[in-house]
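Open the structure in your viewer and keep the selection tool handy. We will go from stop to stop, with something to pick out at each one.

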Amino acid sequence: MKVLLLQLPIPPFGPEPVRGNVPLAGAYLKLYAQRVERIAAEIELFPPALADALGDAALVREITDRRPDVLGFACYLWNVERSLFLAEQVKRLLPNIRVVLGGPEITPNNAWVLRHPAVDYAVIGEGEQTFAELLRYLGETIGKRADDPVIAGLWSRRRQEIPPPRRQLDHLNDVGRVYLEGILRPETFDSLFLESTRGCIFKCGFCFYPKSFDRLTYMDAELVAANLAIARESGISEVFLLDPTLNQRRDFTEFLRLLAAGNSSRTFTYSAELRAEGIRAEHARLMAEAGFVEVELGLQSVDRTAQALMHRTVNLPAFERGVRAMMDAGIRTRVDLIIGLPGDTADSVRRGLDYLAHSHLYSEIQVFRLAVLPGTDFRRRYRELGLEFQPHPPYHVLRTPTLSSEEIADLMREAESLFGTEFDPLPNLPAPVSGNSAAIGDLSKEGTQWAIDLDSDPPLLPPDTVGVAHVLRFSSRDFSRHGAAMRRWVAHLLDHNPHGTLWIVFDVAEGGNLPREGDLESLLEACYRRPLSYLDWYFSLQPKPRKMGAKRLIIHAPPSYGKRAERLRRRLPWVEFVSPDLSPAR
């Protein structure tokens with residue numbers, strides 16, 4: 001039995017590298033099934049370099065070429081809809097394949113995922129034991145008629161019942177050897193992801209973690225040390241500690257000494273998420289000695305009502321002492337605030353923004369719009385709390401009883417202005433390619449480009465030459481003659497690759513004409529006549545017109561076209577103008 005496990009990345013905003021998509025969950029499943037439960041199955045992790053770079057059509061080709069019996073997807077809010085699309089396309093070509101979903105998006109109260117016709121099985125909660133039992137059953141019954149068994153934590157299409165809960169693993173030692181066994185190679189990612197603790201003692205209403213694990217489980221110190229030895233020997237630059245709150249451990253001080261001993265030559269750095277309130281000067285000193293260079297801290301809100309509703313109180317004097325201790329030790333602090341929490345008002349959010357701005361208790365600020373995630377307390381209580389949110393990922397809050405949609409958008413703009421930053425900046429337009437071509441280039445850096453000379457009436461290019469970030473460049477001396485052809489190219493590309501990032505660029509040469517308004521409007525309509533992608537939903541609430549979704553329309557023209565382009569942009573504010581000698585018009 002052949003099993004293929006795939007984890008899709010956070011889609012890039014444009015032609016830029018994808019980073020951080022380490023298929024750790026899949027590696028855990030493979031290790032536990034094969035090495036612990038001795039399941040006789042050939043289990044392959046889909047190559048991360050391909051998962052990070054390829055468009056939808058190319059992924060379907062790569063998956064079907066491997067002809068797996070079981071296809072598993074690790075589902076997060078940024079990839080679940082794309083995973084379902086790929087599952088549907090693969091099933092059309094391989095109708096006997098079994099599709100299994102797992103991950104944070106798989107919860108009983110996220111029924112739209114379970115209802116998708118391409119889903120055969122879904123793992124709810126911790127997955128290693130459940131997935132191994134499913135593989136054993138499938139291996140024993142392949143090619144036979146058999147009723148699906150009742151397996152703790154496993155939903156099946158044929159049974160259509162929420163399964164009994166799965167008891168957590170007693171420890172993390174059975175899954176903590178993925179690097180030692182060579183299932184993952186840290187040098188591939190220039191980082192090692194280390195989960196030394198699973199579970200969280202805090203019960204924050206916006207977080208999935210408290211609902212997915214009911215107790216803390218740990219990796220033995222000896223195994224932690226062995227993983228750190230792998231990090232040293234591989235020459236990577238970072239160990240990322242995945243523990244949801246690093247300093248919730250009762251042995252936190254001793255654990256810091258273990259981390260320091262594992263990095264005595266300071267060959268790599270550590271990063272983690274923790275609660276500032278529990279950090280003392282001694283902790284900060286040990287963290288610096290171990291090699292911590294950056295930590296993420298969740299302040300979220302300074303308002304007492306909002307803190308009570310999210311079950312997360314903040315002792316501000318203790319928060320300040322902890323942050324200052326780490327900053328004095330030379331550790332960068334990235335502080336998070338959430339806009340849209342129940343109980344927060346425009347005034348209370350501004351108090352939080354002003355508090356951070358005037359106290360300088362941060363090295364970097366991150367301001368997020370609340371996401372009402374499946375499996376969280378906020379999702380369970382959304383009616384009681386009066387939360388209105390997007391029906392699809394990222395599930396961003398639209399309004400609350402105390403915050404209108406306009407106030408939330410205004411507060412995001414105010415935060416950018418106050419901290420002198422731009423949240424979610426878009427990458428630059430890559431250099432053009434020449435001729436009619438499908439330019440693959442370095443997929444890890446700039447995605448793919450199609451350079452289409454419309455005047456030569458070229459044939460449509462294969463859709464499986466498209467990367468997850470794609471630039472469709474049109475050139476012509478007279479764009480007004482090619483409205484139908486441009487729509488045909490866009491439809492051809494998006495019919496096969498609906499979940500990527502698409503930038504449509506009009507390369508205007510000196511003396512040529514600009515595209516007509518009607519053609520630009522029809523192209524925008526062609527971009528959005530399909531179900532919206534994750535980035536379409538993500539950018540739909542952005543305050544800037546140019547961040548209108550996963551698709552951008554860009555006129556690339558000499559500076560002499562500036563006045564004409566400005567007149568066009570006043571009528572069509574979502575069209576951008578870029579000159580080789582000027583910055584993009586914002």
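**First stop: a buried serine**

Select Ser533, which is buried, with a relative accessible area of 2%. Bear in mind as you look around that this is a predicted model. Ser533 sits in the loop between α20 (517–527) and α21 (534–539). Now show its surroundings: leaving out residues up to four places away in sequence, Ser533 touches Pro498, His499, Ala550 and Lys551.

**Second stop: a helix wrapped by its surroundings**

Next, select residues 56–66, helix α3. Why can this helix be called largely enclosed by the rest of the structure? The reason is that 9 of its 11 residues are buried. Colour them if you like: Asp56, Ala57, Ala58, Leu59, Val60, Glu62, Ile63, Thr64 and Arg66.

Then bring up what these buried residues pack against. Among the strands you will find β1 (2–6), β2 (42–45) and β3 (70–74). The helices on the list are α2 (48–53), α4 (80–93) and α19 (483–496). Step past the end of α3 and you reach Arg67, whose phi is positive, near 50 degrees.

Before leaving, show the side chains of Arg61, Glu62 and Arg66 together with Glu44 and Asp464: these five are linked in a network of salt bridges.

**Third stop: strand β10 and its partners**

Select residues 238–241, strand β10. Which side chains point to the buried face? Val239 and Leu241 do, whereas Glu238 and Phe240 point to the other face and are not buried. That fits a general pattern: in a regular strand the side chains alternate between the two faces of the sheet.

Add strand β7 (residues 191–194), which pairs with β10 in the parallel sense over 4 bridges. Here Leu194 has Leu241 of β10 as its bridge partner. Now add strand β11 (residues 269–274), which pairs with β10, again in the parallel sense, over 3 bridges. Look for Glu238 standing opposite Thr269 of β11. With helix α10 (residues 252–261) switched on as well, you can trace a right-handed β-α-β unit made by β10, α10 and β11.

**Fourth stop: the nonpolar cores**

The largest nonpolar core has 112 residues. Which residues have the most contacts inside it? They are Val239, Met287, Phe292 and Met326. Helix α1 (residues 24–36) gives the most to this core, with 7 residues.

Centre on Phe292 and show its contacts. Not counting residues up to four places away in sequence, Phe292 touches Leu241, Leu246, Leu256, Leu259, Tyr270, Ser271, Ala272, Met287 and Ile331. Leu241 was among the buried residues of β10 at the previous stop.

A second, separate core has 34 residues, and Ile504, Phe506, Ala526 and Ala557 are among them.

**Fifth stop: a few salt bridges**

The structure holds 47 salt bridges; three are worth a visit here. Begin with Arg198 and Glu195, whose closest N and O atoms are 3.1 Å apart. Are these two buried or exposed? Arg198 counts as buried at 4% relative accessibility, and Glu195 is buried too, at 7%.

Move on to Asp303 and Arg351, whose side chains meet in a salt bridge (3.2 Å, N to O). Asp303 lies in the loop between β12 (292–300) and α12 (304–309) and Arg351 in helix α14 (residues 346–359), so the pair ties together parts that are 48 residues apart in sequence. Asp303 counts as buried at 11% relative accessibility, while Arg351, at 44%, is partly exposed.

Finally, pick Arg332 and Glu364, joined by a salt bridge of 3.5 Å, N to O. This pair links distant parts of the chain, with Arg332 in strand β13 (residues 332–339) and Glu364 in strand β14 (residues 364–369), 32 residues apart. Both side chains belong to partly exposed residues: Arg332 is at 37% relative accessibility and Glu364 at 31%.

**Last stop: Leu418**

Select Leu418 in helix α17 (residues 405–419). Leu418 is partly exposed, with a relative accessible area of 37%. What does Leu418 contact, apart from its neighbours within four places in sequence? Look for Leu353, Asp354 and Ala357. The C-alpha atoms of Leu418 and Ala357 are separated by 7.4 Å, although the two residues are 61 residues apart along the chain.

Technical notes. Residues are numbered from 1 along each chain as its sequence is written. This is a predicted model: local features need pLDDT of at least 70, side-chain atom pairs count only at pLDDT 80 or more; totals for chains, interfaces and linings use all residues. Side-chain values use heavy atoms; hydrogens and water are left out. Buried means under 20% relative accessible area, exposed over 50%, partly exposed in between (1.4 Å probe, protein chains only). Helices (H or I, at least four residues) and strands (E, at least two) are DSSP runs, numbered from the N terminus. Contact means heavy atoms within 4.5 Å. A salt bridge is a side-chain nitrogen of Lys or Arg within 4 Å of a carboxyl oxygen of Asp or Glu. A nonpolar core is a set of buried Ala, Val, Leu, Ile, Met, Phe, Trp, Tyr and Cys residues joined through side-chain atoms within 4.5 Å. Two strands pair if DSSP finds at least two bridges between them. A crossover is right-handed if, with the strands pointing away from the viewer, the path from the first strand over the helix to the second runs clockwise.
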